[in-house]
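User: Please take a close look at the ligand site in this model. I would like the contacts, the surroundings and the burial in one connected account, with a note on aromatic pairing afterwards.

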Amino acid sequence: MQYTISQTFTNTTRTTMTTLITGGTGHVGSHLAKLLHAASYPVLITSRKGVAPEPFKAVTFNWEDASTFENPFKADANIDKLFLISPDHKDPVPVAKPFIDLAVSKGVKRIVLVSASQLEKGDDFYGKLHEYIAGLGVEYAVLRPTWFIENFATTFIESINKENSFRTVSKSGKVPFIGVEDIAKAAFDALIAEKSPNTDYYVLGPETVSYDQAAEILSQVIGRKITHKQLTNEEEVEFFKSLGMTQEYSETLNGLDAIIADGAEEKRVGTPKHLYTGTRTLRQFFEANKKLWTK
Ligand SMILES: NC(=O)c1ccc[n+]([C@@H]2O[C@H](COP(=O)([O-])OP(=O)(O)OC[C@H]3O[C@@H](n4cnc5c(N)ncnc54)[C@H](OP(=O)(O)O)[C@@H]3O)[C@@H](O)[C@H]2O)c1
């Protein structure tokens with residue numbers, strides 16, 4: 001199903017102050033850095049190795065090492081906006097709070113956090129950080145994207161290329177898959193909007209597609225039959241753990257994946273919290289990245 005919803009935060013403001021991008025080497029963060037740079041907004045990227053691709057400047061930063069938290073503010077005294085990727089802890093607040101408090105004390109006035117469509121304020125993992133930021137009294141936005149289109153090139157790529165299949169617990173439930181470039185654009189808009197969103201909202205793609213349909217579209221694009229198979233919840237938890245995730249995080253992800261079968265993701269489309277719609281479709285992503293799934 002295809003749908004359109006107008007974008008919300010479009011009146012922008014000009015600044016020479018810097019936006020600090022945590023996770024700036026990641027999928028969303030790297031696209032956000034490019035968008036801000038192209039629009040002449042100064043950017044500083046954090047990375048555990050302290051390196052970022054040209055033309056960006058990076059500082060060493062690691063959630064697991066609080067001695068790195070001062071680094072961004074030593075490198076740049078003009079940071080007033082923070083794009084935040086949460087540490088993957090069941091309760092990330094004890095880890096992230098000292099850094100966020102420091103950032104606010106150093107002049108950060110707006111924080112944009114990436115959470116997930118499925119996580120309400122106060123829920124374990126990103127929901128806890130959402131709650132903390134919303135209660136701080138600074139300007140903020142919590143982006144709640146649904147499942148990423150790019151998961152077909154990360155989470156599922158090995159089994160697609162080795163076994164011509166991928167597995168979920170989602171049955172025939174539909175998902176408004178979202179591309180990371182669209183999430184980056186939502187973050188860009190939230191960062192530069194004249195009026196801060198000061199709320200959380202869903203960031204969804206332009207169409208709802210089941211995993212069976214996604215397999216069919218990928219098959220058409222790469223010219224090879226790819227199938228979607230079902231997993232039990234226990235099998236999916238083991239699968240996520242095999243990708244390096246902790247038991248707790250794997251169980252949480254499995255729970256969020258399982259509710260797709262009951263239509264949980266599809267039902268978000270058109271609700272009051274659905275304030276941002278991306279443009280990238282699965283087919284466009286598959287066409288543009290065909291080589292990834294060629295044997
Ligand atoms: N995939 C989905 O379907 C989905 C759906 C909803 C929400 N999300 C969430 O959306 C967010 C953005 O996803 P993404 O794909 O852009 O992430 P990503 O590509 O996996 O990037 C993660 C970033 O975090 C940094 N990082 C990792 N460990 C770190 C640590 N200990 N300290 C500091 N930085 C660390 C990495 O930078 P360095 O390696 O350079 O340090 C990297 O830039 C994530 O929180 C993800 O869980 C994902």
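Analyst: In this predicted model, an oxygen atom of the ligand lies 2.5 Å from an N or O atom in the side chain of Tyr126. Arg48 also supplies a side-chain N or O atom, which is 2.7 Å from an oxygen atom of the ligand. With His27 the contact involves the backbone: a polar backbone atom of His27 is 2.8 Å from an oxygen atom of the ligand. On its own the ligand has 930 Å² of accessible area, and the protein covers 76% of that.

The three residues just described, Tyr126, Arg48 and His27, are among the closest to the ligand, together with Thr25 and Val28. The full shell has 21 residues. Sorted by class, eleven of the shell residues are nonpolar, nine are polar and one is charged. As for location, the ligand occupies the largest pocket.

Turning to aromatic pairing, the structure contains 22 aromatic pairs. One of them joins Phe152 and Phe286: the ring centres are 5.4 Å apart and the planes meet at 85°, so the pair is edge-to-face. The cut-off for that label is a plane angle over 60 degrees. Phe152 belongs to the loop between β6 (139–145) and α5 (157–163), while Phe286 belongs to helix α10 (residues 282–288), so this pair ties together parts that are 134 residues apart in sequence.

Methods:
Residues are numbered from 1 along each chain as its sequence is written. This is a predicted model: local features need pLDDT of at least 70, side-chain atom pairs count only at pLDDT 80 or more; totals for chains, interfaces and linings use all residues. Side-chain values use heavy atoms; hydrogens and water are left out. A residue is near a molecule or strand if one of its heavy atoms lies within 4 Å of it. A polar contact is a pair of N or O atoms within 3.5 Å; within protein, one must be able to donate a hydrogen and the other to accept it, and residues adjacent in sequence count only if both atoms are side-chain atoms. Accessible areas come from the Shrake-Rupley method with a 1.4 Å probe; for residues, only the protein chains shown count as cover. On a 1 Å grid over the protein atoms alone, a cavity is a set of points where a 1.4 Å probe fits but cannot get out, and a pocket is an open set with protein on both sides within 12 Å along at least five of seven lines; lining residues have an atom within 4 Å of a point. A molecule sits in a cavity or pocket if more than half of its atoms lie within 2 Å of its grid points. Ala, Val, Leu, Ile, Met, Phe, Trp, Tyr, Cys and Pro count as nonpolar, Asp, Glu, Lys and Arg as charged, and the others, Gly among them, as polar. Rings of Phe, Tyr and Trp (its six-membered ring) pair if their centres lie within 6.5 Å; planes under 30 degrees apart count as stacked, over 60 as edge-to-face and the rest as tilted. Helices (H or I, at least four residues) and strands (E, at least two) are DSSP runs, numbered from the N terminus.
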